[in-house]
Each structure stands twice: as C-alpha cells, then as structure tokens.
Amino acid sequence: RNIKVNKDGKTVLYTGTVAGPRGCTTEEIREYGIRRETYSGKVLTPLGLSIDTGDGTRIGKWEEESNSILWDDGERWAVKEKPIYTVVGEFIFLAYIGVSTLAGAKGVYDGFQRKRREIES
C-alpha cells in the first residue's frame, strides 16, 4: 500500500490492495478476494495529521513518534525505510548518470571548439 501526499499538501493518492468494505481481514479476503485500487483522498487538518483515503471507509491519524498512520479500525501502516544497499545503489547510479552527462557535454563543447579552429584556419 502506498499513500503519497500531493504537492498541494491537501490531497493524497492511495494505491494498494483492498478486499472488503473495511480492509483486508482474513474473512474479507475469503468473501471478496483481493483487488488493486487507487483512490484520491485528502488531508483533513491543516497540520496534515488526519488522512481520508477517499474510499469512504478509512480515516487515519499520522503518528510522528511511530512514523505511521493509525487508522480508525486500529490497523497501523508504518513507513517502510529503504535498505542501505538500495540507497547506496541509487547514489551510485545517479553519480554515474551525472558524470556521463558531463562527459557528453564536454565532448560536444570540444567538437564545437575543434570546428571553430578549422573554420578560423
């Protein structure tokens, strides 16, 4: 499940799996099955402490100390941190892209300079 607060700070996009009208309990999964859904929800308070997923069933409260949302049915969704190897891998990839871009720009600049010298001679 993923909840992303949009740039306006007032709306959210919920994407994830759902089963029944109240969530994904074992009973609801048996009765309704699991499906993937997307809802446009909203932030209910100016400080962003309450969230409505927009599906008509879930309202939750952000809890800073546990870095999670506690929903009105007692379920808690915690923020998943990226493993360190993912963070390091992303950094190496972005550094490679940056160096490659600079090398390409230098090659283009050198080509223009070479052409200018040829024209001047």
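Buried means under 20% relative accessible area. Keep that cut-off in hand for this predicted model.

**Stop 1: threonine 53.** Select threonine 53. Its relative accessible area is 0%, so threonine 53 counts as buried. Look at the backbone around it: threonine 53 sits in a loop, with strand E4 (50-52) on one side and strand E5 (59-63) on the other.

Now add leucine 13. In sequence, 40 residues separate leucine 13 from threonine 53, yet the C-alpha to C-alpha distance is 7.5 Å.

Next, show what surrounds threonine 53. Setting aside neighbours within four places in sequence, its contacts are Ile3, Tyr14, Tyr39, Ser40, Gly41, Arg58 and Trp71. Keep Tyr14, Tyr39 and Trp71 selected; these contacts of threonine 53 belong to the next stop.

**Stop 2: the core.** Extend the selection to Val12, Tyr14, Tyr39, Val43, Ile51, Ile69, Trp71 and Trp77. These 8 residues make up the largest nonpolar core. Colour by element: strand E2 (11-18), strand E3 (35-43) and strand E6 (68-71) each give two or more residues to this core.

Zoom in on isoleucine 51. Not counting residues up to four places away in sequence, isoleucine 51 touches Val12, Ile69 and Trp71, among others. The list also includes Lys42, Leu44, Arg58, Ile59 and Gly60. Arg58 is thus worth a click: it touches isoleucine 51 and is in contact with threonine 53.

**Stop 3: the surface.** Move to helix H2 (residues 84-120) and pick tyrosine 85. Buried or exposed? Tyrosine 85 is exposed, because its relative accessible area is 64% and exposed means over 50%.

Finish by selecting Ile84, Tyr85, Val87, Val88, Phe91 and Ile92. Together they form a nonpolar surface patch with about 690 Å² of accessible area.

Technical notes:
Residues numbered from 1 in each chain as written. Predicted model: local features only at pLDDT ≥ 70, side-chain atom pairs only at ≥ 80, totals over all residues. Heavy atoms only, no water. Helix = DSSP H or I, 4+ residues; strand = E, 2+ residues; numbered from the N terminus. Buried < 20%, exposed > 50% of the residue type's maximum accessible area, 1.4 Å probe, protein only. Contact = heavy atoms within 4.5 Å. Core = buried A, V, L, I, M, F, W, Y, C linked by side-chain atoms within 4.5 Å. Patch = residues over 30% accessible without salt bridge, like charges linked within 9 Å, V, L, I, M, F, W, Y side chains within 5 Å. Areas by Shrake-Rupley, 256 points an atom, 1.4 Å probe, with all protein chains shown as cover. Salt bridge = Lys/Arg side-chain N within 4 Å of Asp/Glu carboxyl O.
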